[in-house]
Amino acid sequence: MSTHDLDLLIIAAHPDDAEIALGGTILRLTDRGHRVGILDLTRGEMGTRGTVEDRDQETAQASQKLGLAVRRNLGLPDGRLVPGVSEREAVAAVIRELRPTIVAGHNPNDPHPDHRGAGELARDGWYLAGLKRLAEQAGGPPAQRPPERFIFQSHTGFDPTLVVDISAYFERKVEVIQAYASQLAPSSPKDDGAHLLRGRDILERVTHKARTHGGAIGVEFGEPLLCAGTLSADSRLLALLGSA
Ligand SMILES: [Zn+2]
């Protein structure tokens with residue numbers, strides 16, 4: 001068994017957050033045979049559109065299209081995600097079990113309270129995963145803190161440390177997001193998309209963002225990442241994105 005079983009673990013508040021932020025990056029990694037996993041913290045049961053059952057089915061479809069090695073859900077309360085001691089220790093336990101080399105989470109400054117909480121849980125869970133005593137108390141796999149951690153972008157912009165060229169994967173990223181059909185279509189004639197922070201058309205927003213970030217590095221479509229800490233020239237993520 002290798003030291004790390006997963007190459008990248010993305011920790012997200014709601015099913016579809018990881019796809020919207022990093023779908024192209026995931027495809028670029030899984031196409032190269034790397035192992036990517038997603039830990040969703042909630043099942044999105046407070047969402048304005050669709051039912052939990054719809055979402056579970058859509059999530060399974062999206063996971064398949066992405067070629068994920070593993071997808072987990074902690075089942076924390078959607079819309080009420082509060083990062084307490086038990087929540088962060090639960091995230092740490094998943095990190096110790098799945099042993100990723102790289103962890104990516106929400107921006108802890110996101111205006112959506114769930115995203116903010118999920119960002120804190122990714123950061124704190126990542127830290128706690130490395131504490132030996134805590135791992136011993138939990139009685140599961142040994143302590144292990146992933147060497148690299150990144151932050152992905154949902155609502156709040158940031159000056160990215162790097163932009164991943166996803167031009168070759170953008171069409172497939174859109175297909176993956178389209179797997180979440182219940183989230184894309186209005187749930188009733190009264191649903192004008194006013195609950196969405198930045199306009200009613202999710203795909204249009206995704207396209208606009210990808211073009212803007214791609215433009216910053218002179219390619220058609222891109223996804224931004226912020227390195228938590230200093231990015232090493234020997235970054236594992238950079239190596240994985242580049243290797244054939
Ligand atoms: Zn979300």
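**Exercise 1. Determine what share of the contacts in the chain between residues at least 6 apart in sequence join residues at least 24 apart, and assess the overall dimensions of the chain.**

Solution. Among contacts in the chain between residues at least 6 apart in sequence, 80% join residues at least 24 apart. The model under study is a predicted one. The next step concerns its dimensions. A compact globule of 244 residues would have a radius of gyration near 18 Å; the chain has 17 Å, so the value agrees with that expectation. Along its principal axes the C-alpha trace spans about 55 × 40 × 30 Å. Finally, 45% of the 244 residues count as buried.

**Exercise 2. State in which order the seven strands form the sheet, and describe how they pair.**

Solution. The chain contains nine helices and seven strands. The seven strands form an open sheet with mixed pairing, in the order 3-2-1-4-5-7-6. Strand 3 and strand 6 are the edge strands, as each pairs on one side only. From one strand to the next, the twist averages 25°.

The individual pairings can then be taken in turn:

- Strand 1 and strand 4 run parallel and are joined by five bridges; Leu8 stands opposite Ile102 in strand 4.
- Strand 5 and strand 7 pair in the antiparallel sense over three bridges; Phe152 has Leu225 of strand 7 as its bridge partner.
- Strand 6 and strand 7 also run antiparallel, with four bridges between them; here Leu162 stands opposite Leu225 in strand 7.

Helix 1 lies across strand 1, strand 2, strand 4, strand 5 (148-152), strand 6 and strand 7. The direction of helix 1 is at about 170° to strand 1.

**Exercise 3. Compare the span of helix 8 with the expected one, and find where its buried residues lie around the axis.**

Solution. Helix 8 comprises 15 residues (residues 202-216), which at 1.5 Å a residue should span 21 Å. Its end C-alpha atoms are 21 Å apart, and the two values therefore agree. The buried residues of helix 8 are Val206, Ala210, His213 and Gly214. Seen down the helix axis, these buried residues fall within an arc of 100°, so they line one face of the helix. They pack against helix 1 (17-31), strand 6 (162-165), helix 6 (170-178) and strand 7 (222-227). Just after helix 8, Gly218 takes a positive phi of about 75°.

**Exercise 4. Carry out the analysis of length for helix 3, and identify what covers its buried residues.**

Solution. Helix 3 (residues 85-98) has 14 residues and reaches 20 Å from its first C-alpha to its last, close to the 20 Å expected at 1.5 Å a residue. Its buried residues are Glu87, Arg88, Val91, Ala92, Ala93, Val94, Ile95, Arg96 and Leu98. Their cover includes strand 1 (6-12), strand 2 (36-42), strand 3 (70-76) and strand 4 (100-105). Helix 4 (113-128) and helix 5 (132-138) are also among the elements that cover them. Arg99, which follows helix 3, has a positive phi, near 50°.

**Exercise 5. Decide whether Lys132 counts as buried or exposed, and locate Lys132 relative to Ile11.**

Solution. Lys132 is found in helix 5. The criterion for an exposed residue is 12 or fewer other C-beta atoms within 10 Å of its own. Lys132 has 10 C-beta neighbours inside 10 Å and therefore counts as exposed. Lys132 and Ile11 are 121 residues apart along the chain, and their C-alpha atoms are separated by 22 Å.

Technical notes:
Residues numbered from 1 in each chain as written. Predicted model: local features only at pLDDT ≥ 70, side-chain atom pairs only at ≥ 80, totals over all residues. Helix = DSSP H or I, 4+ residues; strand = E, 2+ residues; numbered from the N terminus. Expected span 1.5 Å × (residues − 1). Buried ≥ 20, exposed ≤ 12 C-beta atoms within 10 Å, placed from the backbone. Arc of directions from axis to C-beta. Contact = placed C-beta atoms within 7 Å. Pairing = 2+ DSSP bridges. Axes fitted to C-alpha atoms, helices over the stretch in contact; angles between N-to-C directions. Rg over C-alpha atoms; globule rule 2.2 N^0.38 Å.
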